[in-house]
Amino acid sequence: MHMQSLVYVAGDKGVDLQSRPVPCIQNPDDVLVKVKASGVCGTDLHVIDGDFPAPLGVILGHETAGVVGKLGTEPGHLKIGDRVAILPVKACGSCNFCKTGRPNLCKKGGIANAIGLGPNGALAEYICVSKDILFKIPDDLSFKKAVLCEPMSTVIHGIDQMEPFDKDSRILVFGGGITGTLAASYLTDEGFENITVCQRSEARREFVRKQCQGFDVDVKSPEDIQNDFELHAGDDKQGFDVIFDSTGNAEVVQKSLDYLRAGGKVVIFGCAPATAEITIRPFEMFARELSMVGSYLHSNFDRAVERVASLNRKQRLNFDALGIRMFDLESYREAFSELRSKTILKAVFVMDS
């Protein structure tokens, strides 16, 4: 039995639609999932462009939801027919990081071992994974929207890294892509009212405005941010208490330090190139009590499932407002073209109805 799959290939093409054998259950804890929907992450584009390491021939994709089709001999809490979302990385469970509640830093379960980046991923009709990385989703959450559980889990971890901060904190989100937009959605859902999203592209700023309509979120260009900073020099409206960078752009991270108020924090959420560098002035960090913290991979995946389901019930996951468009696998060239032209924020492949 074979399935359609989007595979990382060499050369300018980067990705190809191929027929592959449906994976088989080999271990007691294996589960075969029939994929119903799977999203494209910015990391997938970096892999295709050769900017992020992944083995040639790997099936791409790590944002997915589907139905349990077959079970190994140790299925745990799962049964055939369960609706599930997939956490892409399985931690070892025994190292110091895992034992202290930081499985995202597990050396055996790092990003190189995430599905779609090491093992085969979910831009395919089936995927076989351990039961330990499958999470049940509620019946009122569609598969296509459950795809957002994975990016939401990374957003939640990034926002956890912001703490402690108050409800009246001035918060700046750099980047109006899907993660920046989800971050703004999460913060407004938590009751934060002093949020600004900075995005260079007017088309993407419009997506953020639509998604956050009815909430106190300012959506501005980089020029607007700089002008406001200069305008309010020396007063209480200058600068931000927390800056969440989702761009992965080293120049933006560098500029973030200038925009911080005393006692402020920058959260580096976006993945910058491994060779990128910034300059830090230790005296300024000391005298103004500034801090920077990284945010790597995921937090509690259960929380992400609950939050996505909650936002959906509140009708706050409108795909048009979020800039998400659905495709079938055969239309993958069109999907990647639209992502690169930035006419959409995310592509979601729907395998069947």
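1. Let's start with how helices H4 and H5 meet: H4 passes H5 in a right-handed crossing. Keep in mind that this is a predicted model. The axes of H4 (residues 149–162) and H5 come within 9 Å, and they cross at roughly 65°. On the H4 side the contact is made by Pro 151, Met 152, Val 155, Ile 156 and Ile 159. Facing them from H5 are Thr 179, Leu 182, Ala 183, Tyr 186 and Leu 187.

2. Ile 159 is a good residue to click on next. Setting aside its neighbours within four places in sequence, Ile 159 is in contact with Phe 165, Ala 183, Tyr 186, Leu 187 and Phe 244. Ile 159 also belongs to the largest nonpolar core, which has 87 residues. Together with Met 152, Phe 336 and Phe 349, Ile 159 touches the most other members of that core. Another core, of 13 residues, lies apart from it, and its members include Ile 243, Leu 257, Met 285 and Leu 290. As background, nonpolar side chains tend to be buried together in soluble globular proteins.

3. Now follow H5 over to the sheet. H5 (residues 178–189) lies across S8, S9 (195–198), S10 and S11. Relative to S9, H5 runs at about 175°.

4. The sheet itself is an open one of six strands, paired in parallel, and its order is S10-S9-S8-S11-S12-S13. Which strands stand at the edges? They are S10 (217–220) and S13 (291–294); each has a single partner strand, so one side of each is left without a neighbour in the sheet. From one strand to the next, the twist averages 20°.

5. For a closer look inside that sheet, try S8 (residues 171–174) and S11 (residues 240–245), which pair in the parallel sense over four bridges. Here Leu 172 stands opposite Ile 243 in S11. Ile 243 is also one of the members of the 13-residue core.

6. Earlier in the chain you'll find antiparallel pairing instead. S3 (residues 30–39) and S4 (residues 63–71) pair in the antiparallel sense over eight bridges, with Lys 70 in S4 as the bridge partner of Leu 32. S4 also pairs with S5 (residues 83–86) in the antiparallel sense, over three bridges. There, Gly 66 has Val 84 in S5 as its bridge partner.

7. Lys 131 deserves a look too. Is this lysine buried or exposed? Lys 131 counts as buried, because its relative accessibility is 18% and the cut-off is under 20%. Lys 131 is found in the loop between S6 (126–130) and S7 (134–136). Leaving aside neighbours within four places in sequence, its contacts are Asp 29, Val 31, Glu 74, Pro 75, Gly 76, His 77 and Leu 78.

8. Last, the cysteines. How many disulfides does the structure hold? Zero. The closest cysteine sulfur to that of Cys 92 is in Cys 106, at 3.6 Å, which is too far for a bond because a disulfide needs the sulfur atoms within 2.5 Å. For Cys 98 the closest cysteine sulfur is in Cys 95, at 3.6 Å, and that is too far for a bond as well. As for accessibility, Cys 92 counts as partly exposed at 30%, whereas Cys 98 counts as buried at 15%.

How values were computed: Residues numbered from 1 in each chain as written. Predicted model: local features only at pLDDT ≥ 70, side-chain atom pairs only at ≥ 80, totals over all residues. Heavy atoms only, no water. Pairing = 2+ DSSP bridges. Helix = DSSP H or I, 4+ residues; strand = E, 2+ residues; numbered from the N terminus. Buried < 20%, exposed > 50% of the residue type's maximum accessible area, 1.4 Å probe, protein only. Core = buried A, V, L, I, M, F, W, Y, C linked by side-chain atoms within 4.5 Å. Contact = heavy atoms within 4.5 Å. Axes fitted to C-alpha atoms, helices over the stretch in contact; angles between N-to-C directions. Left-handed = near helix turned anticlockwise from the far one by under 90°.
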